[in-house]
Amino acid sequence: MIPLSKPVIGNQEIRMVTRVLKSGIIAQGPRVKELEKKIAEFCGTKYAVAFNSGTAALHSALYALGVRKGDEVITSPFTFVATANAILMLGAAPVFADINEDDFNIDPFKAVKKITAKTRAIIPVDLYGQIYDCKNLKDAIGKAHISILEDACQALGAESKGKKAGRFGDVTAFSLYATKNITSGEGGLIVTDKKIIMQRCQIFRHHGQSGKKRYEYYDLGYNYRMTDIAASIGLAQLKKINWLTNRRIRNAKLMSRGLKNIPGLILPTVRKNNKHVFHQFTVRLTEDFKSNRDKFMLYLTKKGIGSGIYYPEPLHLVNHIKKLGYKKGDFPVAEKMSGQVLSLPVHPLLTKKQIDYIIDQIQNYLILR
Ligand SMILES: Cc1ncc(COP(=O)(O)O)c(C=O)c1O
């Protein structure tokens with residue numbers, strides 16, 4: 001089976017984890033600090049704070065931006081549920097704005113139309129590994145006092161105009177989950193240039209304690225700390241991030257070349273001046289495609305090729321969010337994309353031979369129909 005994703009774990013990860021296990025410091029310690037320093041350097045930001053998941057990073061970032069009960073936060077309905085859950089966890093309301101068809105990210109012009117007196121922040125999502133339309137969103141927001149939290153959970157290393165993800169918001173969240181471009185098993189980080197955001201995130205991840213004085217609590221907080229075990233895997237992964245990213249980009253190019261000119265199959269687009277890091281290689285199957293998505297996926301599985309749908313349901317239609325008053329038809333582009341998208345393997349361990357096999361099998365399927 002050619003899996004849809006596969007973590008690239010080698011001797012370096014094993015060596016670094018072993019060193020931590022033998023050191024006696026296995027919870028948050030020096031390796032977490034080192035990972036924070038290196039991620040901030042990598043992104044070109046002043047600060048980074050590590051967490052035990054991307055969800056914890058998003059939750060903490062929103063807290064640090066001052067989002068509270070009764071506030072509204074604008075975001076995309078076409079993302080992983082964690083983006084909206086982080087808003088709900090603070091008692092705030094997710095307010096959706098529809099997406100662009102070409103890059104699957106929030107449409108800045110639709111987003112600004114959702115601004116009200118209650119809007120505290122906007123969360124654009126760098127979906128599948130491509131930075132959102134940051135220039136138009138910033139221009140559209142103008143002087144309004146609305147913070148941007150960039151959800152770059154899928155986009156570590158992505159760039160726009162030569163600047164890395166992490167620099168397109170007041171604060172940015174990343175995930176180091178097992179399938180992400182680099183991993184620590186589970187894990188997450190925020191990066192920011194703002195000292196106050198960094199400090200609030202540190203306090204929130206540590207049950208509201210500042211870290212200066214033990215058992216002195218400033219506010220409600222959580223145990224969102226990353227362990228040194230996870231951080232050591234993350235550090236080993238970070239050493240090879242350029243290789244991992246370049247392989248994904250190469251694989252995406254080969255896939256795009258092999259699948260071009262298929263009626264009804266729309267290839268991923270890379271926006272001008274963007275470096276897409278292809279966390280996912282996601283195509284769209286339109287009505288002109290010779291088959292339907294379910295049958296096609298079944299065929300791929302039979303041929304030993306993994307595929308996945310990210311995401312089968314837009315967030316305004318999932319159970320706990322629909323209750324807020326959303327209904328089918330509210331965000332037609334997101335709904336259409338949910339019915340059309342299909343992610344194919346693009347991970348760094350794919351060989352040229354495997355890619356040729358995937359392309360051949362898809363071509364064969366279409367010839368037979
Ligand atoms: C867009 C997006 N936001 C948030 C998250 C949450 O990250 P985690 O799974 O590390 O909590 C993910 C990861 O799955 C994601 O893809």
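Does valine 73 count as buried or exposed, and how many C-beta neighbours does valine 73 have inside 10 Å? Valine 73 counts as buried, because 26 C-beta neighbours lie inside 10 Å, and a residue is called buried once 20 or more other C-beta atoms lie within that distance. The model discussed here is predicted, and its protein chain is assigned domain 1 (11-239) and domain 2 (242-368). The points below start from valine 73 and then turn to the core, the two domains, the ligand, lysine 180 and the smaller sheets.

**Valine 73 and strand S2**

- Valine 73 is found in strand S2, where Val73 and Thr75 point one way while Glu72 and Ile74 point the other way, and all of these residues are buried.
- When residues up to four places away in sequence are not counted, valine 73 touches Leu62, Val67, Ile87, Ala92, Pro94, Val95, Arg120, Ala121 and Ile123.
- Histidine 276 is 203 residues from valine 73 along the chain, and the C-alpha atoms of the two are separated by 26 Å.
- Strand S2 is joined to S3 by 4 bridges, and the two strands run parallel; within this pairing, threonine 75 has phenylalanine 96 in S3 as its bridge partner.

**The largest nonpolar core**

- The largest nonpolar core has 107 residues, and the members that touch the most other members are Ala61, Leu62, Leu189 and Ile190.
- This core lies between domain 1 (11-239) and domain 2 (242-368), because both domains give residues to it.
- Alanine 61 touches Leu149, Val171, Ala173, Ile190 and Cys201, again not counting residues up to four places away in sequence.

**How the two domains meet**

- The C-alpha centres of domain 1 and domain 2 lie 25 Å apart, and 29 residues of domain 1 are in contact with 27 residues of domain 2.
- On the side of domain 1 that touches domain 2, the elements that give two or more residues are H4, S3 and S6, and the largest share, 3 residues, comes from S3.

**Helix H4 and the surroundings of the ligand**

- Helix H4 (residues 81-88) has Ala82, Thr83, Ala84, Ala86 and Ile87 among its buried residues.
- The buried residues of H4 pack against two helices, helix H3 (54-64) and helix H11 (319-322), and also against strand S2 (72-75), strand S3 (93-96), strand S4 (119-123) and strand S5 (147-151).
- There are 15 residues around the ligand, and those that come nearest are Ser53, Gly54, Thr55, Cys153 and Ser175.
- H3 and H4 each supply at least two residues of the shell around the ligand, and the largest share of that shell, 3 residues, comes from H3.

**Lysine 180**

- An unreviewed UniProt entry places the feature "active site" at Lys180, and the place of this lysine is in the loop between strand S8 (171-175) and strand S9 (188-192).
- Lysine 180 is buried, because 22 other C-beta atoms lie within 10 Å, and the cut-off for calling a residue buried is 20 or more.
- Leaving aside neighbours within four places in sequence, lysine 180 is in contact with Gln154, Ser175 and His279; of these residues, Ser175 is also one of those that come nearest to the ligand.

**Two open sheets of 3 strands**

- One open sheet is formed by 3 strands in the order S7-S6-S11, with antiparallel pairing, and its edge strands are strand S7 (163-164) and strand S11 (274-275), each of which pairs on one side only.
- In this sheet, strand S6 (residues 159-160) is joined to S11 by 2 bridges, with the two strands running antiparallel, and the bridge partner of glutamate 159 in S11 is lysine 275.
- Another open sheet of 3 strands has the order S10-S12-S13, and here too the pairing is antiparallel; its edge strands are strand S10 (265-266) and strand S13 (341-344), each pairing on one side only.
- Strand S12 (residues 281-285) and S13 run antiparallel and are joined by 4 bridges, and valine 283 has leucine 342 as its bridge partner in S13.

Technical notes. Residues numbered from 1 in each chain as written. Predicted model: local features only at pLDDT ≥ 70, side-chain atom pairs only at ≥ 80, totals over all residues. Core = buried A, V, L, I, M, F, W, Y, C linked by C-beta atoms within 7 Å. Buried ≥ 20, exposed ≤ 12 C-beta atoms within 10 Å, placed from the backbone. Domains from an automatic or database assignment. Contact = placed C-beta atoms within 7 Å. UniProt positions renumbered as here; feature names shortened; annotations may be inferred. Pairing = 2+ DSSP bridges. Near = placed C-beta within 6 Å.
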